[in-house]
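Please open the model in a viewer and keep the sequence panel visible. The tour below proceeds by selection, from one stop to the next.

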Amino acid sequence: MKSTVYFTRTITPDKVLEMYRMLGKELEGNIAIKLHSGEVGNQNFIGPELWKPVIEAVGGTVVECNTAYEGERNTTEKHLKTLEKHGWTKAFKVDLLDAEGPDKALDIPDGTKLKKNYVGKNIDKYDSMLVLSHFKGHPSGGYGGALKQLSIGMASSYGKANIHGVGNPDAFWTSDHDSFLMAMADAAGSVVNHFKDKLAFVSVMMNMSVDCDCCANAEDPCMKDIGILASLDPIAIDQACLDLVYASDDPGKNHLIQRIESQNGILTVETAAAIGYGTREYELIECEL
């Protein structure tokens with residue numbers, strides 16, 4: 001069965017909210033809003049302004065986790081300062097899920113590469129989650145979207161190193177690359193299994209640098225913005241974003257495609273689909289509301 005992915009070419013704060021409402025999904029209870037806080041120095045990350053209407057409508061708490069590499073977000077103290085600097089704490093309630101330990105271990109009994117995923121323990125405070133993703137390239141994953149938000153994004157600092165090292169945090173920079181991509185798919189699946197059907201996804205295709213929002217020194221985008229997508233399926237929404245890049249008539253797309261393909265980014269989507277918590281088959285419904 002195909003998943004439904006809604007799409008608009010118009011990118012505004014109100015359109016983000018409209019696209020979320022197209023899903024007809026009423027997230028309940030204490031709602032987590034997963035987004036990327038942006039590394040200090042990065043010029044491409046999506047700030048509070050674009051997300052504000054949907055976050056206020058849902059009434060959730062912005063959640064993030066510390067990083068596992070040098071920068072301004074790798075400790076709780078520095079990350080809280082970055083959240084303030086980038087306007088998140090001024091605009092919304094914010095929760096650093098792994099601000100203090102111990103981490104929560106999510107079991108992955110049928111994982112292709114991982115058997116456990118370590119996430120911030122505060123995940124247990126939330127009943128459902130809205131995942132707001134900035135689709136763009138990524139130096140390691142090839143691209144960053146909903147699956148990366150679920151995996152690396154929800155992992156604690158230790159958990160990020162565990163995914164990168166494919167179960168061995170000491171192998172952060174030396175693990176087999178394809179195994180790392182498959183480990184991301186495993187980790188994302190564990191978060192889907194945790195929230196089950198209490199998840200919704202919105203992805204914005206703008207400022208599509210080959211580099212992630214985690215890069216302090218990121219390249220400027222080479223292709224024009226594409227639009228906003230919404231789905232209840234993280235695999236379908238990532239596949240749709242990738243397909244839109246390939247289908248674009250913008251010659252600048254070649255730079256982004258080269259990054260995606262050089263890192264074999266599609267393997268994360270393929271592995272996630274094989275695990276079975278979503279599908280690559282989708283119906284794209286374009287809606288200019």
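Which helix gives the most to the lining of the second largest pocket, and with how many residues? The answer is helix α7, residues 177-195, with five residues. The model on display is a predicted one, and the tour begins at this pocket.

**Stop 1: the second largest pocket**

Select D107, I108, P109, D110, G111, A185, D186, G189, S190, N193, I275 and Y277, which line the second largest pocket. The space inside the second largest pocket is about 200 Å³. Coloured by class, its lining shows five nonpolar, four polar and three charged residues.

**Stop 2: the largest pocket**

Next, display Y69, H138, I152, H164 and C214. Among the 22 lining residues of the largest pocket, these five are the closest to its centre. The volume of the largest pocket is about 300 Å³. Now add helices α5 (146-153) and α6 (157-164) to the selection; each of them supplies at least two residues of this lining. Helix α5 provides the largest share, four residues. By class, the lining of the largest pocket divides into 10 nonpolar, seven polar and five charged residues.

**Stop 3: the largest cavity**

Keep α5 selected. Which element gives the most to the lining of the largest cavity? Again the answer is α5, here with three residues. To see the whole lining, select G141, Y143, L147, K148, S151, M184, G265 and T268. These residues enclose a volume of about 50 Å³, and they comprise three nonpolar, four polar and one charged by class. Counting cavities of 30 Å³ or more, the model has three.

**Stop 4: an aromatic pair at α6**

Hide the cavity lining and show the side chains of Y118 and Y158. The structure holds four aromatic pairs, and the rings of Y118 and Y158 form an edge-to-face pair, because their centres are 5.2 Å apart and their planes stand at 80°; the edge-to-face class requires an angle over 60 degrees. Y118 belongs to strand β6 (residues 116-119) and Y158 to helix α6, so the pair ties together parts that are 40 residues apart in sequence.

**Stop 5: the sheet**

Switch to a cartoon view and select the strands of the eight-stranded open sheet. Reading across, the order is β4-β3-β2-β7-β10-β11-β1-β12, and the pairing is mixed. Why do β4 and β12 each have one side without a neighbour in the sheet? Both β4 (94-96) and β12 (282-286) stand at the edges with a single partner strand each, so one side of each is left free of a neighbour in the sheet. From one strand to the next, the twist averages 25°.

Within the sheet, select β7 (residues 128-134) together with β10 (residues 199-205). These two strands run parallel and are joined by six bridges. To locate one bridge, click on M129, whose partner in β10 is L199.

Then add helix α2, residues 48-58. Helix α2 lies across β2 (31-34), β3 (61-64), β7 and β10. Relative to β7, helix α2 runs at about 175°.

**Stop 6: backbone details in the loops**

The last selections concern the backbone. Begin with G101 and P102, which are joined by a cis peptide bond with omega about 0°. P102 is placed in the loop between β4 and β5 (104-107).

Which residue in the loop between α6 and α7 should be selected next? It is V166. Although V166 is a residue other than glycine, its phi is positive, near 55°.

Finish at N207, in the loop between β10 and β11 (227-231). N207 is not a glycine, yet its phi is positive at about 45°.

Note on methods. Residues numbered from 1 in each chain as written. Predicted model: local features only at pLDDT ≥ 70, side-chain atom pairs only at ≥ 80, totals over all residues. Heavy atoms only, no water. Pairing = 2+ DSSP bridges. Axes fitted to C-alpha atoms, helices over the stretch in contact; angles between N-to-C directions. Contact = heavy atoms within 4.5 Å. 1 Å grid on protein atoms, 1.4 Å probe; cavity = no way out; pocket = protein on both sides within 12 Å on 5 of 7 lines; lining within 4 Å. Points joined across faces, edges and corners; volume = space filled by probe spheres on them. Nonpolar A, V, L, I, M, F, W, Y, C, P; charged D, E, K, R; others polar. Phe/Tyr/Trp six-rings, centres within 6.5 Å; stacked < 30°, edge-to-face > 60°.
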